[in-house]
Amino acid sequence: TERDAIVREIFETEKTYVDGLRQLSTLYIKPTIARGLIKKDVAVRLFSDIEIIRNLNEQFLGDLEQEFARASKGEDYNDVLVGKVFSQRVQTFRMYVVYVNHYFVSREIIKKQVQSSPEFANFLRETKEQLKQQRARNIEIGGFLIEPVQRLPRYKLLLDNLVKKTDQSHPDYEALNYSMD
C-alpha cells in the first residue's frame, strides 16, 4: 500500500541520514579535534550540536528498528506505529532548532578556520579527495552539516503524507497527528 511505502521510506531514509551523521563524526569531527586542527573552544562551538543530534538520531533509529522488528510482517508495514515512535521523541527534535539557528554561524566558522589554518584547510581537502575516490554520497563537510537543516522539513513532508494515507481508525493516527505539531 501507499502507507507501507511511506513507512518504509521513513525507515530507510533515517538509516541513510544517521549513516551520514556518523561519517561526519568519524571522518571530520573526531580527527579535527584529535589532531588539534582548530582550537578546542572553536571545535566545541562548531561541532557540539551536531554530535548531540547524531546521538539523538541514533537513539531514534534504534526506536524505529525496534518498532519494525515488533510489527512488520515481510513487506507489510501496516502495524508499524511510526507516529508513536515520533511522538515519544518530539521534545528531543527541538534540539534541531538550536542547530538550524546556528548553522550559518558554523559555515562562517569553517570559512574563517580554512583561511587561518593551512593544516585545517589541507585536512578538509584531503578528506574530500578521499571521499571522492570512494564515491561517497557526501564529500564536503558542508554537505554533511546541512543534512540536519534539511531533515526536519523532510520529516514533516513524510509524516504529512503518512497521515493522509492512514485511516482515522488506525492505532497510529492520533500519534501521527501529535507528531506533526
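Me: Which element gives the most to the lining of the largest pocket, and with how many residues?

Reply: In this predicted model, helix α7 gives the most to that lining, with 5 residues. The elements that give two or more residues to the lining are α7 (147-164) and α8 (173-180). The lining holds 13 residues, and those nearest the centre of the pocket are F93, L152, S179, M180 and D181. The space in the pocket comes to about 320 Å³.

Me: What makes up the lining of the largest pocket by class?

Reply: There are 9 nonpolar, 1 polar and 3 charged residues in the lining. Among the residues nearest the centre are F93, L152 and M180, and these count as nonpolar because Phe, Leu and Met are in that class, whereas D181 counts as charged because Asp is in the charged class.

Me: Why is the aromatic pair of F60 and Y155 called edge-to-face?

Reply: The ring centres of F60 and Y155 are 6.1 Å apart, with 80 degrees between the planes. A pair requires centres within 6.5 Å and the edge-to-face label requires an angle over 60 degrees, so both conditions are met. By this rule the count comes to 12 aromatic pairs, and F60 and Y155 also belong to one aromatic cluster with F86, F93 and Y96.

Me: How do you know whether F60 and Y155 are buried or exposed?

Reply: The relative accessible area is 1% for F60 and 4% for Y155. Buried means under 20%, so both residues take that label. Because F60 lies in helix α2 (residues 40-71) and Y155 in helix α7, the pair ties together parts that are 95 residues apart in sequence.

Me: What makes the label of K128 partly exposed rather than buried or exposed?

Reply: K128, whose place is in helix α5, has a relative accessibility of 28%. Buried would need a value under 20% and exposed a value over 50%, so K128 falls in between. K128 is one of the residues lining the second largest pocket, as is I141. The C-alpha atoms of these two residues are 7.9 Å apart in space, although 13 residues separate them in sequence.

Me: Which elements give two or more residues to the lining of the second largest pocket?

Reply: They are α4 (95-116), α5 (118-133) and α6 (141-145). The second largest pocket has a volume of about 240 Å³, and its lining has 6 nonpolar, 1 polar and 5 charged residues.

Me: How do you know how the reach of α2 compares with the expected span?

Reply: From its first C-alpha to its last, α2 reaches 45 Å with 32 residues, which is close to the 46 Å expected at 1.5 Å a residue. There is nonetheless a kink of about 45 degrees in α2, centred on F47. Helix α1 (residues 2-34) reaches 46 Å with 33 residues, close to an expected 48 Å, and α1 bends by about 35 degrees at S25. Just after α1, G36 takes a positive phi of about 65 degrees.

Me: Why is the pattern of the protein chain written with α alone?

Reply: The protein chain has 8 helices and 0 strands, and reading along the sequence gives α-α-α-α-α-α-α-α. Of its 181 residues, 46% count as buried.

Note on methods:
Residues are numbered from 1 along each chain as its sequence is written. This is a predicted model: local features need pLDDT of at least 70, side-chain atom pairs count only at pLDDT 80 or more; totals for chains, interfaces and linings use all residues. Side-chain values use heavy atoms; hydrogens and water are left out. On a 1 Å grid over the protein atoms alone, a cavity is a set of points where a 1.4 Å probe fits but cannot get out, and a pocket is an open set with protein on both sides within 12 Å along at least five of seven lines; lining residues have an atom within 4 Å of a point. Grid points are joined across faces, edges and corners, and a volume is the space filled by probe spheres set on the points. Helices (H or I, at least four residues) and strands (E, at least two) are DSSP runs, numbered from the N terminus. Rings of Phe, Tyr and Trp (its six-membered ring) pair if their centres lie within 6.5 Å; planes under 30 degrees apart count as stacked, over 60 as edge-to-face and the rest as tilted. Buried means under 20% relative accessible area, exposed over 50%, partly exposed in between (1.4 Å probe, protein chains only). The expected span of a helix is 1.5 Å times one less than its number of residues. The bend at a residue is the angle between axes fitted to the seven residues ending there and the seven starting there.
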